[in-house]
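Visitor: I am new to this structure and would like a close look at a single part of it, the loops and the unusual backbone that may occur there. Could you take me through them slowly, and then set them against the rest of the model?

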Amino acid sequence: MTSPKIEMTDVAKSFGGTAVLDGVNLSVEPGESLAIIGQSGSGKSVTLKCILGLVRPDRGSITVDGEEAVGLKGRAQEAMRAKFGMLFQGSALFDSMPIWRNVTFGLTQGRHVDAARMRAVAQENLERVGLDAHILNLRPSELSGGMQKRVALARAIAPRPEIIFFDEPTTGLDPIRADVINNLIVSLVDDLGVTALTITHDMASARKIAHRVAMLYKGRIIWRGPRDRLYDSGNPYVDQFVQGLADGPIQ
Amino acid sequence: MSAPSPAISLLSPFAAIGRATLAALAAIGRVAAFALHTVRRAVTPPYYPGRFLEQLGYIGWLSLPVVGLTAIFTGAALAQQIYTAGSRFSAQSTVPAVVVIGMVRELGPVLVGLMVAGRISSAMAAELGTMRVTEQLDALTTLRTDSYRYLIAPRLFAALIALPLLVLVANAIGLFGGWLLATTRLGFNSASYLDVTRRFLSVDDFQMALVKAGVFGFFIALMGCYHGFTTQGGAAGVGNATRNAVVSAFVLILASNFLITATAFGR
């Protein structure tokens, strides 16, 4: 039996006395695509940041490939982070750099390394997300929101990470562009064989890109199951959330 | 709810002073820890010489126009003021001596510090603050790049080098401004003006000006980077960071200028 790629056990985190995560237990298997759904402020982004080491949990354990990730420092933390790619909600592209340097930043860490080779690497990764070479020298501000998302996706996959996190990948996009991003995520997970963890409000996106879905409510995972059970979960909180109803146990 | 006892009411101003003092000490501690952390990271690889040169150009070269204009007008205005005030007791001949001492010891470093603080601290705080609220700093970390090495250290060291160079240029331009006004409008002989200037130009004064400039440069970049890096919230947070960076840089420049001057000349 293979060990989980990521395993969170009793993870808790508070900010200023407010418990954002309150004992999260979650595991993601290798090659699996898991979506976490939940209200705004339910702790979805903090969950990702705890795994990445951007936020240190107050208690609990997070293992990646069986190795404890909480409290890692220096080279050990850097080696751990090399396994991850991340697509940020607002893309988080570096607006002072051209697109090709953004895409290859994970390979160069900002150093000036063989520009011709890096431009070729950037072009290859942009093609993978359906963009062509004419944008290589543009700045992020010269692109539409959907194109920025795709560039951010190219940046996340360029170092060929084993695990990719997607933070609200379709937020702010129209339904057609959102579906383009969903298709890209599905193809990346299938083609590259990566493990994916997505946080989203978008039920269509969750159903399309995830193998399994988990719901976070008040800092705890209150339901998890295969995507096909999302609308047939038997959980009143999940039912209210996925149907977008004002009335129900979630106030 | 019962009213506070008279003893508590009496002590409340002291409690407020105590709280403010503790908050100020905590803030100083946070800034010092930020600076130490940056220096510790900066001395170990990877290094970013390209980023350092880029910042040196931005802080030094691109500040030259504003620094030059400030210096030439200040030098000329200083000459005019000394001439007008000196004429009341027939001391117009002190113009070149006072201009050289005033520019090199005080006005050159302080005005360059304030002008560059206005230009650079605000820009650094706004840029880093925007990177914070748009998650670009988190993105750097996930891409295994240390923000302190990549963003903070090049700015800190570039400002440390650029400010003394700018002060040298400002002093030269300020002295030129004083000379220009004195010889064209106040009737001074050029050769004797320059002779007095040379006699009052001391190496010690230049050394002090360079020390002040280095300290000011460090504070300018430190305030810009610290407030930008620790920005919270959205656009309002960036605005607060920018304002706090400029105000704190101004206060630190003026306070450290006094301390350095008092240490050098105080008895």
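Guide: A helix is here a DSSP run of H or I with at least four residues, a strand is a run of E with at least two, and both are numbered from the N terminus. With that in hand, and keeping in mind that this is a predicted model, we can start in chain B, where P46(B) sits in the loop that links α1 (6–42) with α2 (49–59). The peptide bond that leads from P45(B) to P46(B) is cis, and its omega is near 0°. As a background to this, most peptide bonds are trans, and most residues other than glycine have a negative phi.

Turning to chain A, we find two residues with a positive phi. A92(A), which is not a glycine, has a positive phi of about 55°, and its place is the loop between β6 (84–87) and α3 (99–103) of chain A. D114(A), also a residue other than glycine, has a positive phi near 20°, and the loop that holds D114(A) runs between α4 (105–108) and α5 (115–128) of chain A. Their surroundings can be read from the neighbour counts: A92(A) is buried because 25 other C-beta atoms lie within 10 Å, where 20 or more are required, whereas D114(A) is exposed because it has 11 C-beta neighbours inside 10 Å, and 12 or fewer is the limit for that class.

Another loop position in chain A is G41(A), which lies between β3 (33–37) and α1 (44–52). G41(A) is exposed, with 11 other C-beta atoms within 10 Å, and its C-alpha atom is separated by 23 Å from that of G85(A), a residue 44 positions away along the chain.

These loops of chain A belong to a chain whose secondary structure comes to nine helices and ten strands. Four of the strands form an open antiparallel sheet of chain A, in the order β2-β1-β4-β5. In that sheet β2 (18–28) and β5 (67–68) of chain A stand at the edges, each with a single partner strand, so one side of each has no neighbour in the sheet. Strand β4 (residues 59–64) of chain A is joined to β5(A) by two bridges in an antiparallel arrangement, and V64(A) stands opposite E67(A) of β5(A).

For the whole of chain A, the C-alpha trace spans about 55 × 40 × 40 Å along its principal axes, and the radius of gyration of 18 Å agrees with the value near 18 Å that a compact globule of 251 residues would have. Buried residues make up 43% of the 251 residues of this chain.

Returning to chain B, we can see where it meets its partner: 14 residues of chain B are in contact with 17 residues of chain A. The most is given to this side of chain B by its helix α5 (residues 136–142), with five residues, and by class the side has five nonpolar, six polar and three charged residues.

As for confidence, chain B has a mean pLDDT of 93, with 98% of its residues at 70 or more. Among its elements, α1(B), which precedes the loop of P46(B), has the lowest mean pLDDT (89), and helix α6 (residues 147–184) of chain B has the highest (96). For the complex, the predictor gives an ipTM of 0.89 and a pTM of 0.88.

How values were computed: Residues numbered from 1 in each chain as written. Chains lettered and ligands numbered in written order. Predicted model: local features only at pLDDT ≥ 70, side-chain atom pairs only at ≥ 80, totals over all residues. Contact = placed C-beta atoms within 7 Å. Nonpolar A, V, L, I, M, F, W, Y, C, P; charged D, E, K, R; others polar. Rg over C-alpha atoms; globule rule 2.2 N^0.38 Å. pLDDT = per-residue confidence, 0-100. Pairing = 2+ DSSP bridges.
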